[in-house]
Amino acid sequence: MTTSPTSVGTVRALARLYPFARAALPRLILGTIASLLSNVVALAIPQVLRGLVDGPLSTGDSSLVVPIVLVVVVLGVSEALLFALRRVFALIPTTHVEAGMRNAFYAKLQDLPVSFHDRWASGQLLSRMMSDLGLIRRWLAFGIILLIVNVVTVVLGLIFLVSISWVLGLIFVVCSAPLWIFSYKFESKYSEISRRSQDQSGDLATAVEESVHGIRVLKAFGRGRHALANFATQADELRQTEIAKAKAIGGIWLWIVVVPDVTFAIGLFAGVALAVNGQLTVGQLVAFFATATVLRFPVDSIGFLLSMTFDARTATDRYFEVMDSVNTVVDPESPQAITTPQGRLVFENVHFRYQDAPDGQRDLLNGIDLTIEPGETMAIVGLTGSGKTTLTALATRLYDVTGGRITLDGVDVRDLSRDQLRTHISMAFEDATLFSDSVRANVLMGRPDAGDAELEKALAIAQADFVHELPQGLDTTIGEEGLSLSGGQRQRLALARAVAADPEVLVLDDPLSALDVDTEALVEEALRRVLASTTALVVAHRPSTVALADRVALLENGRVTAVGTHHELLASSDHYRYVISSLDPEGNALEGEVTR
């Protein structure tokens, strides 16, 4: 059969699995050989039956019947053992292939920058890691082996058929032509439907995940029915695609079932005529149709093996869409090192814009110049959308600057390895994310080798002593995303995590927003002791947070328009006074207190 461009693409796509499957290849080859020998043994049985019919049964010599029957029994047992051996060889190695691909996928996700995760739905990533890799494993363990073995078996079977009777063999070859033609056309149609089905499955997984994570919001606003309606619409779209997929498979199965049956009927009529005319013995006729019967499963399997292969090709394409994603935030080829860490952080003409920003739109950060001296606490204030959070994310290379540079102790942060950079700088985010792990593991995430003394110190600074009242204390497992804790408790643990890392530079993106006034005051008092010797960049959404800072930088339209102490900016900047008064009702009181 001539190979279509689509099938060439399928072969090329599936060949990309080779690096992962290379270690398992010897055992997969042994499994293929065992399966092929099993089918060869099955093809040999009709030839023994031909000798039985044309020999002892036709001559009446019963002495040879038992030995020939024993040969058939031995061949049958051998076929079964070889078939089982194929499973032994193939199943375990392919689970290792799946595990290796899944680990590589997870490592890639961890390595890719935040900008990648901003664009990709988590359900799509989850479906690629789980269902797509499971499909690829099944194809390697079952689909590819049977596809190769059954094609070879059909070819060998046709040779046997032609050797018994070239007339009947020719009939089988000619009558099977429609099957191969339809299989050729089936590929492109099914590949498109298969891809759509798998993408829709990923979208549905995203919908489920978002609903589960947002269950409190859905219940609070009574939007459960609305979410269900949206989910039902997506589920129905997937159902319609699966129906189209089933129709495509059913179409090829129609040909797979009808063509062999029609071929059998024509062959039987012709075979009987040849036997009556003496051109074919009864034993040959029996052997011919016994061989054709053995070929029935290899021929019938074409449909589901082709659909499995195209599903595997789609799964492979989806897997490598992620693996081929370019990481723009990478380690330098020759990383530099900071020999005497001090914590001097400098922004030099820093520009930043998101990848999907429209052409002609100004940069979100449009020429930031800012210096934070060692041990100094710098507060960043500005109206919503001024770029405060983005500025903090650039320091740790969650994103890379699109212009200018950021230096830490005179070294461009892009010239440091990411691991080294993140030992010098740690962050606490406003949206405190915790992991389903123990309190100890969550707090010591940035410094897992720290002892109990450092852990307790960090907890004390963050006023997170409540952890000792949890059922297992520091070993209590926090629920998924820490939702078993209050918002203030999560923020305090996130702050403790940043402090426990003991960095030279501490970046705080309004980490106290969920705290009550009394707790906030205690945390701020403890933070003052920490920040006395640590360089800090603090995004302030409350005037009380501004009070922690030695100096304040005012961010306006992507630029730093003023830098000074809180008192200086209140006296010199109308926009700063407006920003401070808009942050929190206590801002007016603070402004009045300072200016008196």
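How many helices and strands are there in the protein chain? In this predicted model, the count comes to 23 helices and 10 strands. The fold is not a neat ball: the radius of gyration of the protein chain is 35 Å, well over the 25 Å that the globule rule gives for 596 residues, so the chain is more spread out than a compact globule. The C-alpha trace tells a matching story, spanning about 125 × 55 × 50 Å along its principal axes. Even so, 47% of the 596 residues count as buried. Among contacts with a separation of 6 or more, 79% join residues 24 or more positions apart. The accessible surface of the protein chain adds up to about 28500 Å², and carbon and sulfur atoms hold 61% of that.

As for confidence, the mean pLDDT of the chain is 83, with 92% of residues at 70 or more. Two stretches fall well short of that. Over residues 1-8, pLDDT stays under 50, and the model has 10 contacts there beyond four places in sequence. Residues 585-596 also stay under 50, with 13 such contacts. Where pLDDT is low, the predicted coordinates should not be read in detail.

Now to the inside of the protein. In soluble globular proteins, nonpolar side chains tend to be buried together. The largest nonpolar core here has 36 residues, and the members that touch the most others are Val439, Val443, Leu459, Val467, Leu493, Leu495 and Leu527. Two or more residues come from each of α16 (439-443), α17 (452-461), α18 (487-500), β7 (505-509), α19 (517-531) and β8 (535-539). Of these, α18 gives the most, with six residues. Val443 is a handy place to look at the packing: setting aside neighbours within four places in sequence, Val443 is in contact with Leu455, Leu459, Leu493, Ala496, Arg497 and Ala500. A second core, separate from this one, has 30 residues, including Val350, Val401, Ile425 and Leu555.

Two helices outside that list are worth a look. Helix α11 covers residues 282-294, and its 13 residues reach 18 Å from first C-alpha to last, close to the 18 Å expected at 1.5 Å a residue. Which residues of α11 are buried? They are Gly283, Gln284, Leu285, Ala287, Phe288, Phe289, Ala290, Thr291 and Ala292. The other helix is α13 (residues 302-323), where Ser307 is found. Is Ser307 buried or exposed? With a relative accessible area of 7%, Ser307 is buried, since the cut-off for burial is under 20%. Not counting residues up to four places away in sequence, Ser307 touches Phe186, Tyr190 and Ile249.

The backbone has a couple of oddities too. Most residues other than glycine have a negative phi. Asp502, though not a glycine, has a positive phi of about 50°. Where does Asp502 sit? Its place is in the loop between α18 and β7, and Asp502 is exposed there, with a relative accessible area of 52%. Asn557 is another non-glycine residue with a positive phi, in this case near 55°. Asn557 lies in the loop between β9 (551-556) and β10 (559-564), and at 52% relative accessibility Asn557 counts as exposed.

How values were computed
Residues are numbered from 1 along each chain as its sequence is written. This is a predicted model: local features need pLDDT of at least 70, side-chain atom pairs count only at pLDDT 80 or more; totals for chains, interfaces and linings use all residues. Side-chain values use heavy atoms; hydrogens and water are left out. A nonpolar core is a set of buried Ala, Val, Leu, Ile, Met, Phe, Trp, Tyr and Cys residues joined through side-chain atoms within 4.5 Å. Buried means under 20% relative accessible area, exposed over 50%, partly exposed in between (1.4 Å probe, protein chains only). Helices (H or I, at least four residues) and strands (E, at least two) are DSSP runs, numbered from the N terminus. Contact means heavy atoms within 4.5 Å. pLDDT is the predictor's confidence in each residue, from 0 to 100. The radius of gyration is taken over C-alpha atoms; the globule rule is 2.2 Å times the number of residues to the power 0.38. Accessible areas come from the Shrake-Rupley method with a 1.4 Å probe; for residues, only the protein chains shown count as cover. The expected span of a helix is 1.5 Å times one less than its number of residues.
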